[in-house]
Amino acid sequence: MTQPAEAWERRADAVLGIAASALLLGLMLVTFVDVVARYLFNRPIRGAFELTELTLLVLIFAGLPLVSHADEHVTMDFIDRMLPSAATRALIRIVHALCAAVMFFLAWQVWIKAARIAGYGDTTDVLRVPVGPFVYFMALMIGLAGVVHVLRVFVPGTLRASQATT
């Protein structure tokens, strides 16, 4: 972070970083043990693929609001170089507003899908883990990313995106 972070932001980053590291470590260990058990003992871990899928889902969607908060999405700055500073700041706010609208729409659609999946009682094939809570988690994280973009409309942070490749 280029600007001084609030104490809660530093703590949240630390906690989320540790949680992500633990998930990645677990993912790595499950994959390693599954490969060893499969090729050396011809006994793969039952449901390892499902564990991998669900862990990746949690990692990716939990990271979405973090990326939005850090303002580290992929950006193109070819227009920023031609605009005056005030217009660039306005453009950044407009883009955050559009991103928020898209995130809220996606969260709404995923929530509808989660309700349908939970209503059906869908589970994974091998371990029979209910899928509905994971889809609700996806919807919540997309919605949280939308909230972060709304906040960025009013407090846009630094102009990092427009100055990345100058």
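Helices and strands are here runs in the DSSP assignment, with at least four residues for a helix and at least two for a strand, numbered from the N terminus. In this predicted model, the elements of the protein follow the order α-α-α-α-α from the N terminus on. The protein thus holds five helices and zero strands. Its radius of gyration is 20 Å, well over the 15 Å that the globule rule gives for 166 residues, so the protein is more spread out than a compact globule. Along the principal axes, the C-alpha atoms fill a box of roughly 65 × 35 × 35 Å.

Burial and contacts describe the fold as a whole. Of the 166 residues in the protein, 27% are buried. Among the contacts with a separation of 6 or more, 74% join residues 24 or more positions apart. The protein exposes about 11,000 Å², and carbon and sulfur atoms supply 71% of that area.

The description may now proceed along the chain, beginning with helix α1. Helix α1 covers residues 7-41, and at 1.5 Å a residue its 35 residues should span 51 Å; the end C-alpha atoms lie 50 Å apart, which agrees with that expectation. The buried residues of α1 are E9, L27, D34 and A37. These buried residues of α1 pack against α2, which comprises residues 48-70. Just after α1, N42 adopts a positive phi of about 55 degrees.

Helix α2 has 23 residues and reaches 32 Å from its first C-alpha to its last, a value close to the 33 Å expected at 1.5 Å a residue. This helix bends by about 30 degrees at L64, and a proline, P65, follows within four residues. Both L64 and P65 belong to the buried residues of α2, which also include A48, E50, L54, T55, L57, L59, G63 and S68. The partners of the buried residues of α2 are α1, α3 and α4. After α2 comes D71, whose phi is positive, near 55 degrees.

D71 also appears in the surroundings of a histidine, H96. The place of H96 is in helix α3. With a relative accessible area of 5%, H96 falls under the 20% limit and is therefore buried. When residues up to four places away in sequence are not counted, H96 touches D71, H149, R152 and V153.

Aromatic contacts add a further view of the packing. A pair of aromatic rings is described by the distance of the centres and the angle of the planes. With centres required to lie within 6.5 Å, the count comes to two aromatic pairs. For W111 and Y136, the ring centres are 4.5 Å apart and the planes stand at 65 degrees; since an angle over 60 degrees counts as edge-to-face, the pair is of that kind. The pair links distant parts of the chain, with W111 in helix α3 (residues 85-120) and Y136 in helix α4 (residues 132-154), 25 residues apart. W111 has a relative accessibility of 41% and counts as partly exposed. Y136 is likewise partly exposed, at a relative accessible area of 24%.

Definitions and conventions
Residues are numbered from 1 along each chain as its sequence is written. This is a predicted model: local features need pLDDT of at least 70, side-chain atom pairs count only at pLDDT 80 or more; totals for chains, interfaces and linings use all residues. Side-chain values use heavy atoms; hydrogens and water are left out. Rings of Phe, Tyr and Trp (its six-membered ring) pair if their centres lie within 6.5 Å; planes under 30 degrees apart count as stacked, over 60 as edge-to-face and the rest as tilted. Buried means under 20% relative accessible area, exposed over 50%, partly exposed in between (1.4 Å probe, protein chains only). The expected span of a helix is 1.5 Å times one less than its number of residues. Contact means heavy atoms within 4.5 Å. The radius of gyration is taken over C-alpha atoms; the globule rule is 2.2 Å times the number of residues to the power 0.38. Accessible areas come from the Shrake-Rupley method with a 1.4 Å probe; for residues, only the protein chains shown count as cover. The bend at a residue is the angle between axes fitted to the seven residues ending there and the seven starting there.
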